[in-house]
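Take a walk through this fold, one helix at a time. Keep the coordinates open as you read.

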Amino acid sequence: ELSNAEMARICEQRCEMILTRLGAAGGFVDRVRSELLAESHRFPALESVARALHVSPRTLRRKLKEEGSSFRDVLSQVRKNLALDYLERSNLSLEEIATLLSYEDAANFSRAFGRWMGDTPGRYRARQASRAVSRRRAPRRRGAK
């Protein structure tokens, strides 16, 4: 079991990496995503994000709707991206991942993961691991003449 400090450090690193990978196009969805990933130990509530962006909660909802999204959708996407990253690139247990993603327990995380991916986190991780092994074993082709 990892300590809270270790889990917070891992989460912070992953959040920074995902923000870098996604980039910031400058849209309101991107600004909300950045706010959600800004705190490594928890996801702020809609009201806190609105305050950080200097808008009312109502305006936040309206601007997200104008971009075809909602606060719930953005939070779900952030959690999904972090979950995939943790499953593919770490040895964290499902319970630890659930905690990092602010789920009450691994069962709630597994249900959400099933909605996102149509699979369990364990099977997804195993499939990704076997693909990585296959890629390492694949013979390297030399230049064709």
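Start with helix α5, residues 71-89. This is a predicted model, so a check on geometry comes first. At 1.5 Å a residue, the 19 residues of α5 should span 27 Å. The C-alpha atoms at the ends of α5 are 27 Å apart, which agrees with that expectation.

Now look at which parts of α5 are covered. The buried residues in α5 are F71, V74, L75, V78, R79, N81, L82, A83, L84, D85, Y86 and L87. Several of them reappear below, in the contacts that α5 makes with other helices.

Step back for the whole chain. The protein chain has 8 helices and 0 strands. Along the sequence, the pattern reads α-α-α-α-α-α-α-α. The chain holds 145 residues, and 37% of them are buried. Consider next the contacts in the chain with a separation of 6 or more: 57% of these join residues 24 or more positions apart.

Two packings of α5 deserve a closer look. Two packed helices are described by the angle between their axes and the distance between the axes. Take α2 first, residues 28-38. The helices α2 and α5 pack at about 55 degrees, and their axes are 10 Å apart. Angles from 65 to 115 degrees count as roughly perpendicular and those under 35 as roughly parallel. The angle of about 55 degrees falls in neither class, so α2 and α5 are oblique to each other. The crossing of α2 past α5 is right-handed. On the α2 side, V29, V32, R33, L36 and L37 make the contact. On the α5 side, F71, V74, L75, V78 and L82 do so. By class, this contact of α2 with α5 has 9 nonpolar residues, 1 charged residue and no polar ones.

The second partner is α7, residues 106-117. The axes of α5 and α7 come within 11 Å and cross at roughly 100 degrees. That value lies in the 65 to 115 range, so α5 and α7 are roughly perpendicular to each other. Here S76, R79, K80, A83, L84 and L87 of α5 meet F109, F113, W116 and M117 of α7. The class count for α5 with α7 is 7 nonpolar, 1 polar and 2 charged residues.

Follow that thread to Y124. Y124 sits in helix α8, residues 121-137. Is Y124 buried or exposed? Its relative accessible area is 6%. Buried means under 20%, so Y124 is buried. Leaving out residues up to four places away in sequence, Y124 touches L84, L87, E88, F113, M117 and D119. Among these, L84, L87, F113 and M117 also take part in the contact of α5 with α7. F113 is 11 residues from Y124 along the chain, and the two C-alpha atoms are separated by 9.6 Å.

Finish with the backbone in two loops. Most residues other than glycine have a negative phi, and most peptide bonds are trans. H54 has a positive phi of about 60 degrees, although it is not a glycine. H54 lies in the loop between α3 (46-52) and α4 (57-66). With a relative accessible area of 74%, H54 is exposed. S102 also has a positive phi, near 65 degrees, and is a residue other than glycine. Its place is the loop between α6 (94-100) and α7 (106-117). S102 is partly exposed, with a relative accessible area of 34%.

Methods:
Residues are numbered from 1 along each chain as its sequence is written. This is a predicted model: local features need pLDDT of at least 70, side-chain atom pairs count only at pLDDT 80 or more; totals for chains, interfaces and linings use all residues. Side-chain values use heavy atoms; hydrogens and water are left out. Helices (H or I, at least four residues) and strands (E, at least two) are DSSP runs, numbered from the N terminus. The expected span of a helix is 1.5 Å times one less than its number of residues. Buried means under 20% relative accessible area, exposed over 50%, partly exposed in between (1.4 Å probe, protein chains only). Axes are lines fitted to C-alpha atoms, for helices over the stretch in contact, and angles run from 0 to 180 degrees between N-to-C directions. Angles under 35 degrees count as roughly parallel, over 145 as roughly antiparallel, 65 to 115 as roughly perpendicular and the rest as oblique. A crossing is left-handed if the near helix is turned anticlockwise from the far one by less than a right angle, and right-handed if clockwise. Contact means heavy atoms within 4.5 Å. Ala, Val, Leu, Ile, Met, Phe, Trp, Tyr, Cys and Pro count as nonpolar, Asp, Glu, Lys and Arg as charged, and the others, Gly among them, as polar.
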